[in-house]
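Visitor: I would like to go through this model and ask how each label is earned.
Guide: Then have the structure in view first.

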Amino acid sequence: KLAAWGEKIGAFIGAVTVFGAIATGIAGNVDKIDQLQSHLFISTAVLGAGGMLVAYIFGVVGRIKGSRRITLCIETGVQNLALTLALIALSFQNEFSIVVYSYMFGLVICV
């Protein structure tokens with residue numbers, strides 16, 4: 001019972017961290033939002049969904065069943081999102097033209 005609560009609390013903290021990273025990234029660049037192009041939203045949506053689809057296909061081919069296949073899809077499609085956002089932001093000194101892709105990917109995946 002304690003482990004189930006720990007899992008829920010950990011998931012909540014993870015979600016808050018991801019949304020916080022996205023919110024601060026967008027808030028810090030709010031003056032540049034008008035520069036975003038529609039292909040940015042399309043490419044980020046396709047990236048996450050494509051990763052999940054490929055994982056699903058490999059799960060079917062590998063005869064992985066039920067919840068393990070779902071886990072494979074989620075882990076492949078969105079694994080380590082918060083870490084990815086942080087590494088990109090740190091590596092490129094928050095340069096909007098590069099970092100915006102990671103923030104948009106995070107936003108699309110979380111929605």
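**Labels and their reasons**

Guide: This is a predicted model; the chain averages a pLDDT of 77, and 74% of the residues score at least 70.

Visitor: Where in the chain is confidence lowest, and where is it highest?
Guide: Helix H5 (residues 96-110) is lowest, at a mean of 67, and H1 is highest, at 84. Where pLDDT is low, the coordinates should not be read in detail.

Visitor: What makes up the fold, in helices and strands?
Guide: The chain holds five helices and zero strands. In sequence order this gives the pattern α-α-α-α-α.

Visitor: How do you know that the span of helix H1 agrees with its number of residues?
Guide: H1 covers residues 2-27, which is 26 residues. At 1.5 Å a residue the expected span is 38 Å, and the end C-alpha atoms lie 37 Å apart, so the two agree.

Visitor: Which residues of H1 are called buried?
Guide: They are Val18, Ile22 and Gly25. Buried means under 20% relative accessible area, so each of these residues falls below that cut-off. Across the chain, buried residues make up 23% of the 111 residues.

Visitor: Why is the charged end of Lys8 said to sit over the ring of Trp5?
Guide: The distance to the ring centre is 5.8 Å. The rule asks for within 6 Å of the centre and within 35 degrees of the ring normal, so this pair qualifies.

Visitor: How many aromatic pairs are there?
Guide: The count is zero. A pair would need ring centres within 6.5 Å.

Definitions and conventions: Residues numbered from 1 in each chain as written. Predicted model: local features only at pLDDT ≥ 70, side-chain atom pairs only at ≥ 80, totals over all residues. Heavy atoms only, no water. Helix = DSSP H or I, 4+ residues; strand = E, 2+ residues; numbered from the N terminus. Buried < 20%, exposed > 50% of the residue type's maximum accessible area, 1.4 Å probe, protein only. Phe/Tyr/Trp six-rings, centres within 6.5 Å; stacked < 30°, edge-to-face > 60°. Expected span 1.5 Å × (residues − 1). pLDDT = per-residue confidence, 0-100.
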